[in-house]
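Please open the structure in your viewer and keep the selection panel at hand. The stops below are intended to be followed in order.

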Amino acid sequence: MKYLCVHAHFYQPPRENPWLEQVELQDSAYPYHDWNDRISAECYAPNLAARILDDQQRIVRIVNNYSKVSFNFGPTLLSWAVEHAPTLYHGLIESDKQSQKNFSGHGSAMAQAYNHMILPLANSRDKKTQIRWGIEDFVSRFGRLPEGMWLPETAVDLESLSLMAEAGLSFAILAPHQAKAVRALKGNMPWQDVTGSKIDPSRAYLCNTPSGRSINLFFYDGPISQAVAFEKLLDNGEKFARRLTGAFSDSRTWPQLMHIATDGETYGHHHRHGEMALAYSLDYIESKKLARITNYGEFLEHNPPECEVQIYENTAWSCVHGVERWRSNCGCNSGRLGWHQEWRQPLRGALDWLRDAVNPQFEALGAKYLKDPWIARDAYISVVLDRSPETRARFGEEHFRRKLTASEQVEVWKLMELQRHAMLMYTSCGWFFDDLSGIETVQVIQYAGRVVQLAEQLFKMPFEGTFLEKLALAKSNLVEYGDGANIYERYVKPSIIDLEKVGAHYSISSLFSPYGEGADIFSYSVKRLDYHTAEAGKLRMALGNARFTSKVTQESEVLTFWVVHFGDHNVAGGVQSAEEGGGYQDLLDRIRDSFERVDIPEVVRLLDKRFGKTYSLRSLFRDEQRRIVKYILSTTVAEAEAAYLQLYDHHAALMRFITRLGTPMPREFTAAIDYGINSMLRRACSNGELDGERIGAYLREALASNVMLDKTTLEFSLRQKIEALAVRFASDPSSIEKLDGLRSGLKIARQMPFIVDVWSAQNHVYAIQGGLYERMRRRALRGDSKAKVWLDAYLQLSELLMIRVQNS
């Protein structure tokens, strides 16, 4: 028997702000909100609906790749998807259920060590918790126990494998160079050296650990995996299929498994349309009966290991020097010439010091409230997954020494969060890339900043100073960033959030977007107790009291806030504890008096005297800050736009004449025509009703005037409009009016001088082929005139979307 399995490791570095528990706006991912959002659109979602094309490049089938491959999604990525990409998230869960039907009851989804920590470099406690959390996260999502677990970067040691076996896991996947020696399980045969990737990847192997436990290991085909990732093997689906099946050998006398493992992002993000090559290759192999598509669990059930293996410990798939990429300047990097990675060792040293400095304090304080602080940490994943009062109560029943007061419970949640972030700060991506100043490395330093903040609050001891001394030993390749301590001061310190900063955000943003009685601000909740606003000319102000509560630690406080908008970007506000301030009614009366007199110096004096520290637009969290700045600029931008459009309208004929002459256009005219036409096109592509004639006229003018179109923004706007029309059609696909609306939008997309992504529309239109389309076709054959009109329109719509309709 010939079996084939493709494993895809889907993972993104955690990008959440450690204090807000949300991914903030990332401009580099434009036109998407952030990189998770962008990669989801380019890779994760397309693999749920991968196209198989005919020789005319028309869609003949749309298939779910996840149900046919082995895959794992990092828990931190899934926690993002459940809120921000729910269709993807639920599709993954369903894919695993479908794979169980395909593969004898064995689901294709695998677990992953929780936050992609390099396990051989972790201490024993962290290894155990990472495995436990990875399993619990998997069970909570997929509703079953995992059979296998993905080791981050396939970094392996025997202790980790033993702990995995102890936790009930059956198998793991490694790179071929991580195998040291093999021998048959029966017959007391000598060990055979397989150093240098000489292990036969076509079978499963049993690995016995010093603890007496054992686990099954698969070693993927290295050359083909490498070709998929780096040698453009995904440029052609049939070539991909032939390369996969070419690895089988008639000389093998046992059921052989051909399997590869790569980053899942290879299929669509790193290689555009890679998901289509994967779908085509699997379909090609199945249809021609070249091999049986399987997953690791099914293969193991029918083909248990006949050989055992010894491994090289402290090795990984992405470092030829073992696991040095995550602790030293080993030479492995992402390719920036002339740069060193000497910063890796002192960064890890600083984090190790911080972990080892807080752990004894964690044990001492935790012992006051918890039966066993470390057992409680292992169980805390239940609260991370569900922060409801019921889950917290169950956690308390199992782990609290006694009934705790509200403030004592806050301390427990802070202790648990300290430990969570003390693990998050070891996320592997922090060491993977070229420089200390990279966003992935700054992210792990932010997690460390959260540990420092919580440790100083809980233990009433200084940690930051010594931590920064050690972090300063890590030097950036870029002079402007200096060292780790400077990066901490520059990027981490301003990001640190407490309840007062949440109060500042709430008060300032409330002037531009009023809140109700209750509101959620990322990982905080706000209950308004009192709120007053006033206006005097250009001045606007808000004053009030509200209770601010962390949904993570349950820390809560009533704060008094006051904010004044002096016009434009000039905003000043103050926040303080309601208990500390006192005299709220007196403050309200005095402020009203000075405000009504438009006595700005008095307003400022009162603000300084009462609150001391003032907050401004800089104090807003990034997404809200961007929204409010855009709001403040809207009038100014509208004025500039009107001026450009007026110049363009008044002198369009002259501009065309200059263009036809071939005379260089004055820069003032170039700016006017570029801005004017792009602005008009943006509006036309996003307005309620798409006007094809108007858009066409603008495009002709752009062509005649050599206008540089803002293709990224225009494509995204038109794509979103077509997606809305597709959703409208899908809600009532029998409606000819809704079908025509989508068809008109697609005709407009066709005339654009760039490709508009109609992936979503294709999915909706393809989805009704087997149901409504067949019913309408039968009715049309019986002479139903309305059905015939719909059928003709649907066939035209399918043609626009390059969908081949069966029986058309």
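The tour of this predicted model visits a sheet, the helices packed on it, and one serine.

**The sheet.** Begin by selecting strands 15 to 19, which form an open sheet of five strands in the order 15-16-17-18-19, paired in antiparallel fashion. Strand 15 (518–521) and strand 19 (570–577) occupy the edges; each has a single partner strand, so one side of each lacks a neighbour in the sheet. Viewed from one strand to the next, the twist averages 30°.

**One strand pair.** Next, select residues 539–550 and 556–567, that is, strand 17 and strand 18. These strands run antiparallel and are joined by 10 bridges. Which residue of strand 18 stands opposite Arg-547? Display Val-558, which is the residue in that position.

**The helices on the sheet.** Add residues 584–596, which make up helix 21. Helix 21 lies across strand 16 (524–536), strand 17 and strand 18, and runs at about 155° to strand 17. Then add helix 22 (residues 600–611), which packs on the sheet and touches strand 17, strand 18 and strand 19. The direction of helix 22 makes about 155° with that of strand 18.

**A serine in helix 6.** Finally, move to residues 222–230, helix 6, and select Ser-225 within it. Is Ser-225 buried or exposed? Its relative accessibility is 4%, so Ser-225 counts as buried, the cut-off being under 20%. Leaving aside residues up to four places away in sequence, Ser-225 touches Tyr-220, Ile-260, Ala-261 and Thr-262. With Ala-261 displayed, locate its backbone nitrogen, which the side chain of Ser-225 reaches at 3.1 Å.

How values were computed:
Residues are numbered from 1 along each chain as its sequence is written. This is a predicted model: local features need pLDDT of at least 70, side-chain atom pairs count only at pLDDT 80 or more; totals for chains, interfaces and linings use all residues. Side-chain values use heavy atoms; hydrogens and water are left out. Two strands pair if DSSP finds at least two bridges between them. Helices (H or I, at least four residues) and strands (E, at least two) are DSSP runs, numbered from the N terminus. Axes are lines fitted to C-alpha atoms, for helices over the stretch in contact, and angles run from 0 to 180 degrees between N-to-C directions. Contact means heavy atoms within 4.5 Å. Buried means under 20% relative accessible area, exposed over 50%, partly exposed in between (1.4 Å probe, protein chains only). A polar contact is a pair of N or O atoms within 3.5 Å; within protein, one must be able to donate a hydrogen and the other to accept it, and residues adjacent in sequence count only if both atoms are side-chain atoms.
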